[in-house]
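Hi,

Here is the model I promised to pass on. Have it open while you read, and my notes will follow underneath.

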Amino acid sequence: MLENWVHITHIVANIFFLIGPMKARTFLLFLTFCALHLPLAVLGQVTLQGVYQGKNIYIQNPLSEDNRTFCTRGVIVNGRLLIEQPNTSAFEIDLSFLQIGEEVNIKIEHKNSCEPKIINPQVVRSPGRFAFSDIHLGKHNITWQTKGERPGGKFFVEQWVNNEWVIRHTIDGKGEAAVYALRIDCFSGNNRFRIKHLQNDGIIFYSEEQAFESNEDPVTFYPLRVAEKIVLSKPTDYKVTSVNGTPLAKGKGKEIPLQHLRTGVYYLYIENRQEKFFKK
């Protein structure tokens, strides 16, 4: 891309030389600036389409790769730049200028090194299109029905695990109003699940969250003063962070190797609870 800009710069400079070297030189500097900076402006984009139903959208906005600036560059709603470079870890997209029932197209432009998350995309779901119905969450299974389903879609069953949504199952849609059932694993205490439906046109729908309280025995761990590893009472999802929240280890299993950690206090996340341990 840079080589193309340089080539164009020389051509335009030759043309504008006819109107004077000062103007040509100024224009050349401008195009060179564009050549150096436009490649950095290439952005990723998260989109959301639906119908406005009186509720605003909330966005989780992580730090970018430099750990100084935030991910989102701008928010465009129905072709209108609504928010520019929000300098905060979370923000709200105010849609109150729209009419109830008005179609809404939201584009969130972001840096390529990160991606903002839409917390409540279901609030702009369009009535009369695809919809979830009769969702039931039990100890070992989740069932749901659909309306208005199109061919070629996919379903993702997600579970809230250690402060993030984790995909547990992915299945192809049946392409018509249908009933689905899947076996799931719950852990001790509160379990939260939701279902994401991705249509073949890229539009995403989320179900309402479903919760289930399990009386399973909680996963335990030892030791509290760790030399080389933590051992869990049974395999489960885990995450280890520093005291300021920096992720250091993540996975699923019964043993967590921690030889690489420096001496100090750390947090272990298992079954959506936080535990503290000391690395010797």
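Let me start with one pair of residues: phenylalanine 155, which stands opposite histidine 197 in strand 13. This is a predicted model, so local features need pLDDT of at least 70 and side-chain atom pairs pLDDT 80 or more, while totals for chains, interfaces and linings use all residues. Numbering runs from 1 along each chain as its sequence is written, and side-chain values use heavy atoms, without hydrogens or water.

Overall, the protein chain has two helices and 21 strands (DSSP runs numbered from the N terminus: H or I for helices, at least four residues; E for strands, at least two). Of its 280 residues, 40% are buried (under 20% relative accessible area with a 1.4 Å probe, protein chains only). If you take the contacts (heavy atoms within 4.5 Å) between residues at least 6 apart in sequence, 61% of them join residues at least 24 apart.

Back to that first pair, and to strand 10 (154-161). Six of the eight residues of strand 10 are buried, so the rest of the structure largely encloses this strand. Strand 10 pairs with strand 13 (189-198) in the antiparallel sense, over six bridges (pairing takes at least two DSSP bridges). Strand 10 is also joined to strand 11 by eight bridges, again antiparallel, and there lysine 154 stands opposite aspartate 172. Strands 10 and 11 make a hairpin with two residues between them, and asparagine 162 in the turn has a positive phi of about 50 degrees.

There is also an open sheet of three strands, in the order 5-2-7, with antiparallel pairing. Its edges are strand 5 (90-93) and strand 7, each of which pairs on one side only. Strand 2 (residues 57-60) is linked to strand 7 by two bridges, and isoleucine 59 has isoleucine 118 in strand 7 as its bridge partner.

Now the pockets (on a 1 Å grid, open sets of points where a 1.4 Å probe fits, with protein on both sides within 12 Å along at least five of seven lines; lining residues have an atom within 4 Å of a point). The largest pocket has a volume (the space filled by probe spheres on the points) of about 1,000 Å³. Its lining takes in 35 residues, with Gln60, Lys117, Ile119, Trp165 and Arg194 nearest the centre. Strand 1 gives the most to this lining, at five residues. Several other strands each supply at least two, among them strand 7 (117-118), strand 10, strand 11 (164-172) and strand 13. The strands of that hairpin therefore both turn up in the lining of the largest pocket.

The second largest pocket holds about 310 Å³ of space. It is lined by 17 residues, and those nearest its centre are Arg168, Asp185, Cys186, Phe187 and Lys252. Strand 11 and strand 18 (229-241) each supply at least two lining residues, with strand 18 giving the largest share, four residues.

One last residue, threonine 236, lies in strand 18. Is threonine 236 buried or exposed? Threonine 236 counts as buried because its relative accessibility is 8%. Leaving out residues up to four places away in sequence, threonine 236 touches Val219, Gly251, Lys252, Gly253, Ile270 and Glu271. Lys252 also appears above, as one of the residues nearest the centre of the second largest pocket.

Cheers

Methods: Buried < 20%, exposed > 50% of the residue type's maximum accessible area, 1.4 Å probe, protein only.
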